[in-house]
Amino acid sequence: MSSMDSGGYTDIENAALRARYAAVFAPRGRTGWALAAAALALLAFGLWHLGFSPGRFFSGLNRLGDFIIFMFPPDWGNPATLKRFLRSLGETVAIAFLGTLLAAIFALPLSLLAARNTTVSQFLRFFTRRSFDTLRGVDTLIWALIWINVVGLGPFAGVLAIAISDIGSLGKLFSEAIEASDERSVEGVKASGGAKLHGIRFGLLPQVAPVLIGQVLYFFESNTRSATILGIVGAGGIGLEISEMIRTLEWQKVAFLIIMILITVSVIDRLSSLLRNAIAGSKAAPI
Amino acid sequence: MTASAATPPRPSVEQLASSYAAEVAVKRRRFLIAAAVFAGLVLAAGWMAEVNLPLLFQNIHKFPSYIGRIFLLDSGPMTGRFVLNDVAGWYWGLGKWLRLLADTLLIAYVATLLGAVFAAMACFLAAGNLGASRWVCFVTRRILEFCRTVPDLVFALIFVMAFGLGPMAGVLAIAIHTAGALGKLFYEVLENVDQKPVEGLIASGASWTKTMRFAVLPQVLSNFVSYGLLRFEINVRGASVMGFVGAGGIGQDLIEAIRKYYYPDVSAILLLIIVTVFIIDLVTERVRRHFISQAA
């Protein structure tokens, strides 16, 4: 009689199972463990190299705890500061809105050049795509610093910064959507005597418009988040107030500003997902 | 001839035309109202954001000239010439910048790993289908939402005050933001797992941890890794500007170069960042493909 293991199988059954599912029973590859060990070693080196030490960590945590206690109750100070905060919040939303709009307006024609099926020349397509990559590769904050040199400090620089970095992102997404579109409607328009532009206007755009608008709304959401930090470099919006209040240790106002950001971002998220669902025609619950 | 009595009278052409015109008018009116509201919003936003088109057109030439200027050498015998004429002079600080770039990558790596570990722990509490109570689920989700909505630079500003200047503040700031962002993606993956293996293990008497380990984890691990790698890409970009608020990495040198008008340094550092981000995009894309094909 053969022995049974904890799973209730006999040795013979076990051997049969092993033979049948060799892959499942194969000993774990050494490469997996080696990779995990290397990842952990790099983590340990990183923590050491970047100056993490228990002493520093816990004294910092202590101070952080104090800051958090100082944050309660959140407070806006006097009515004048409240008005200033609200104004910079409005500025933030305006920056995100105009920046996204401008980016979409410029990205649409450029994405036609960058899409395989609508481009006018392969060289131009390559050039446009690499330009998109470069625009995206530079962070919005860096663009903001550059635009400050052109139009001076203030929210306008923020609008232009968001616009230019999103031309890259939206252009790429738009051109991918255009490449994924159905050729038949464009061919139909051409077959009935339409020119290339007619094909784009009546065959392509109606197809891709809902997708593009959805992407633009999604970027509006994410730009509201990025617009909240543009003020840190002087490009308008609530970031200036936040960084000032943190630097002057006004923790109650910091907490109030953070709450303002949380509420605004969630309102914009809801609005945009409502709109996106309405445009996509889906009846899914807007969450 | 009785059939003709049953069919309703056909509407005249005029009737059809007028109802069509009415329909079109309704549609047109709706479109005009929407356009007017939109135009109003644009104007209001333009006023709020202090848009100044004359100023823009007057100064727009400064934009290309700035871009051009960062590619001109500003010291040495080649002053005023294109940077490629003296690459060594252009990249005079290559050693220092590469060290800072390595720091930046390390910040992104450590922060992604720490954030992913927290996200992986939190997502089991935030998923609605794996036995966590509704209350725990709700609270965990709100915490994750808070972590991802507050921008990482704001966390960094606060942490610089608490932990002092340096990369530690940057790592913690990015880690918290990552935990929030990945936590959400992770629990959405968890909620979409196939329940059959889970039920099978529960039915055979496995404990909760064993169920998670053998029924859930194998299903979600490749997705987790893929999202983690995507986040690493994003975090490299994030870490490159952490230096703007004194939280470590190459951003410190970049903002100094921009603020103090060391033009060729700006292009040198920017180019390093862009190339690094590009290479990391390529590599992580490869690795992600590998994981996704393994999962399929």
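A salt bridge here is a side-chain nitrogen of Lys or Arg within 4 Å of a carboxyl oxygen of Asp or Glu. By that rule, the structure holds 21 salt bridges over all chains. Keep in mind that this is a predicted model.

**Exercise 1. Salt bridges**

Task: Find which side chains form the salt bridge between chain B and chain A, then work out why Glu176(A) and Lys172(A) are about one helical turn apart.

Solution:
- Start with the count: chain B and chain A share one salt bridge.
- Next, name the partners. Glu50(B) pairs with Arg87(A), at 3.7 Å from N to O.
- That distance sits inside the 4 Å cut-off.
- Now move within chain A, where Glu176(A) and Lys172(A) also make a salt bridge, at 3.4 Å from N to O.
- Both belong to helix H8 (residues 155–179) of chain A and lie four residues apart, so about one helical turn separates them.

**Exercise 2. The interface of chains A and B**

Task: Describe how much area chain B and chain A bury between them, and which residues of chain B lose the most to chain A.

Solution:
- Go for the area: about 5,400 Å² is buried between the two chains, with 79% of it on carbon and sulfur atoms.
- Then pick out the top contributors in chain B. Phe63(B), Met161(B) and Met168(B) lose the most area to chain A, and together they account for 12% of what that side buries.
- Count the residues: chain B puts 56 into the contact and chain A puts in 61.
- Add the polar part, which is eight residue pairs in polar contact between the chains.
- On the chain B side, helix H8 (residues 152–163) of chain B supplies the largest share, eight residues.
- Finish with the classes: the chain B side splits into 44 nonpolar, five polar and seven charged residues.

**Exercise 3. Two helices of chain A**

Task: Are helices H10(A) and H12(A) roughly parallel or roughly antiparallel?

Solution:
- Take the axes of H10 (residues 196–230) and H12 (residues 251–280) of chain A: they come within 9 Å and cross at roughly 180°.
- Angles over 145 degrees count as roughly antiparallel, so H10(A) is roughly antiparallel to H12(A).
- Look at who touches: H10(A) contributes residues including Ile213(A), Leu217(A) and Phe220(A), while those from H12(A) include Val265(A), Ile268(A) and Leu275(A).
- Sort the contact by class and you get ten nonpolar, five polar and four charged residues.

**Exercise 4. Backbone oddities**

Task: Say what is unusual about the backbone at Pro73(A) and Leu249(A).

Solution:
- Recall the background: most residues other than glycine have a negative phi, and most peptide bonds are trans.
- The bond from Phe72(A) to Pro73(A) is cis, with omega near -10°.
- Pro73(A) sits in the loop between helix H4 (54–70) and helix H5 (79–114) of chain A.
- Leu249(A) isn't a glycine, yet its phi is positive, near 60°.
- Leu249(A) lies in the loop between helix H11 (238–247) and H12 of chain A.

Conventions:
Residues numbered from 1 in each chain as written. Chains lettered and ligands numbered in written order. Predicted model: local features only at pLDDT ≥ 70, side-chain atom pairs only at ≥ 80, totals over all residues. Heavy atoms only, no water. Axes fitted to C-alpha atoms, helices over the stretch in contact; angles between N-to-C directions. Parallel < 35°, antiparallel > 145°, perpendicular 65-115°, else oblique. Contact = heavy atoms within 4.5 Å. Nonpolar A, V, L, I, M, F, W, Y, C, P; charged D, E, K, R; others polar. Buried area = accessible area lost by both parts, 1.4 Å probe. Polar contact = N/O pair within 3.5 Å; in protein donor to acceptor, adjacent residues only side chain to side chain.
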